[in-house]
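Thanks for making time, everyone. I'd like to walk you through one model today, so have the sequence and the structure open if you can.

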Amino acid sequence: MNTQRILIADDEPLFRDTTAELLRDEGYECVCVEDASDAINVLNEQSFDLILSDLNMPGNLQLELLQEGRTKFAHVPMIVVTGVPSIPSAIQSVRLGIADYLSKPVKFEELLASVQKALLHRPAAVVRVDTGDEREAGFNSKYPEIIGKSPKMRELLEIVDRVSPSNTNVLITGESGTGKEVVAFAIHRNSPRRDHTLQVIDCTAIPESLFESVLFGHVKGSFTGAVKDQTGLLRACDGGTAFFDELGELPAASQAKLLRVVQEQTFTPVGDSQPIKVDTRFISATNRDLSAEVDAGLFRQDLFYRLAVIHIELPPLRQRGDDVVLLAEAFLKKLRPAGSTINAYSPETIDCFRRYRWPGNIRELRNVVERAIAMTHGDTITPSDLPDSIRNPADGSTSEMAEVSRDEALDRADRAYLHALMEKHDGVIASAARQAGLSRQGMNKLLKRHEISADNFRR
Ligand SMILES: Nc1ncnc2c1ncn2[C@@H]1O[C@H](COP(=O)(O)OP(=O)(O)OP(=O)(O)O)[C@@H](O)[C@H]1O
């Protein structure tokens, strides 16, 4: 069953509906719109694998959909189907990188062949997170799955860009949930190996006694339970990339076996005598400090040097500045149910996001957004939709405090205090003011200065 999603933008109802119906019969999911601006809106809201677009339709007289589609949604192939073919529009379309240019009337078999071809040759599948305006939202057109435009993330993307085309082995480190796997996939997808497999090998999931069998494969009868020949994971990614996740968990005996493969690119399946040669790039990830583990004698130094030819260190979310806001916005768009009217965070919620330290990094943020979407009653997510630990982080004296000016630190503490106070008093200004030793007027002034709305705390 094919569940690829196709957006059909055409103002001719007969063509639009018939094409959608025929494509649905082929197993595709189709969404139909009748003009270019609706198409752009839908593209901003949902992810698609292909766009089928008319040229002469409302909102597209300057080929707006074509222009915007090719710059903002470059990873979604587009096929133009026009009733008014012309050489200039064909040239312009091709210049903008469309997958095909068809003239109406078009036979369905011809259209289907074009769709299948475009889908086959599109950039490898990505986790597409739609973040609205590219520049504003930290959307990196070459790495759409990596949201962020903080200096640390820009630097990181530059490194990713430089290492992707090479064959060099890469070690990615960083706290849990910082996006190590996302970066590994981005490197593979932008490498010449992209048409081959990226095989994820979770080092925590392979028992030491089965390491060779799982990685190298085995022949039937080579041990009790080996009832048939089994191809190992490394064979599956010949020509591609082997991604060793949680590398730091690999036991010493398995480290030795892996070293041989990394050095020689050969291995022998269990019970076989013929070595197999592969061509594999190794990307590894760990949240441990591997060089410290090498120093402590817990990880083989030779294997470390082989695998960490390039070392990419992912910063924790708390060091990525306002990327937290960009990510929260992207997750909101991605995770809200279709047709949902939830469309914003209140300024106080954004404040909570900025203040919190995010020990679980981006994964934690994603979970928090998902929970908030389920909790909220209105169109806007407010602090009452967040877990208590995020509304009231008990981290007034973190080391981060020492990184900012005294004024900024006092300001943050003041804001945290006001949040806690409003929370406790359910947004009732009179009682909050009483506890704070302020007049109502003074409390109102302070809330206004911090752009905190008492209404958001009322139950
Ligand atoms: N820069 C980013 N932009 C958008 N989403 C991201 C980004 N980084 C991570 N994510 C998302 O955050 C979640 C965690 O990412 P990922 O699994 O890659 O982290 P990890 O560092 O490999 O975690 P662990 O060490 O626990 O395996 C995923 O849902 C991923 O899609």
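So, strand β1, residues 5-9, and strand β3, residues 50-53, run parallel and are joined by 4 bridges. If you want a spot to click on, find Ala9, which stands opposite Ser53 in β3. Bear in mind throughout that this is a predicted model.

Now zoom out from that pair. β1 and β3 belong to an open sheet of 5 strands with parallel pairing, in the order β2-β1-β3-β4-β5. The edges are β2 (29-33) and β5 (100-103), each with a single partner strand, so one side of each has no neighbour in the sheet. On average, neighbouring strands here are turned by 20° against each other, direction ignored. And there's a helix over it: α2, residues 36-45, lies across β1, β2 and β3, running at about 160° to β1.

Okay, on to another sheet. This one is also open, with 5 strands paired in parallel, and the order reads β7-β10-β13-β6-β14. At the edges you have β7 (198-202) and β14 (310-313), each pairing on one side only. The twist from one strand to the next averages 20°.

Let's look at β13, residues 281-286. How many of its residues are buried? It's 6 of the 6, so the strand is largely enclosed by the rest of the structure. Both faces are covered: on one side you have Arg281, Ile283 and Ala285, on the other Phe282, Ser284 and Thr286, and all are buried.

Which strands does β13 pair with? One is β6, residues 170-173, parallel over 4 bridges, and there Ile172 stands opposite Ala285. Another is β10, residues 241-245, again parallel and over 4 bridges, with Phe243 standing opposite Ile283. So those two buried residues of β13, Ile283 and Ala285, on one face, give you handy markers for the two pairings.

From β6 we can step along to β14: the two run parallel, joined by 4 bridges. Leu171 has His311 in β14 as its bridge partner.

Next, the helix on this sheet. α8 packs on it and touches β6, β7, β10, β13 and β14, with a direction about 165° from that of β13. And is α8 buried or exposed? Well, 8 of its 10 residues are buried, so the helix is largely enclosed by the rest of the structure. Those buried ones are Lys180, Val183, Ala184, Phe185, Ala186, Ile187, His188 and Arg189. Their packing partners include the strands β6, β7, β10, β13 and β14, and also α7 (151-163).

Keep Lys180 in view, because that takes us to the ligand: 19 residues surround it, and the closest are Ile147, Ser176, Gly179, Lys180 and Glu181. Two elements give two or more residues to this shell, namely α8 (180-189) and α16 (361-375). By class, the shell has 8 nonpolar, 7 polar and 4 charged residues.

Last thing: where does the ligand lie relative to the domains? Domain 2 (164-313) and domain 3 (319-457) both give residues to the shell, so the ligand lies between them.

If you take one picture away, take α8: the helix packs on the sheet, is largely enclosed, and gives residues to the shell around the ligand.

Key. Residues numbered from 1 in each chain as written. Predicted model: local features only at pLDDT ≥ 70, side-chain atom pairs only at ≥ 80, totals over all residues. Near = placed C-beta within 6 Å. Nonpolar A, V, L, I, M, F, W, Y, C, P; charged D, E, K, R; others polar. Domains from an automatic or database assignment. Buried ≥ 20, exposed ≤ 12 C-beta atoms within 10 Å, placed from the backbone. Pairing = 2+ DSSP bridges. Axes fitted to C-alpha atoms, helices over the stretch in contact; angles between N-to-C directions. Contact = placed C-beta atoms within 7 Å.
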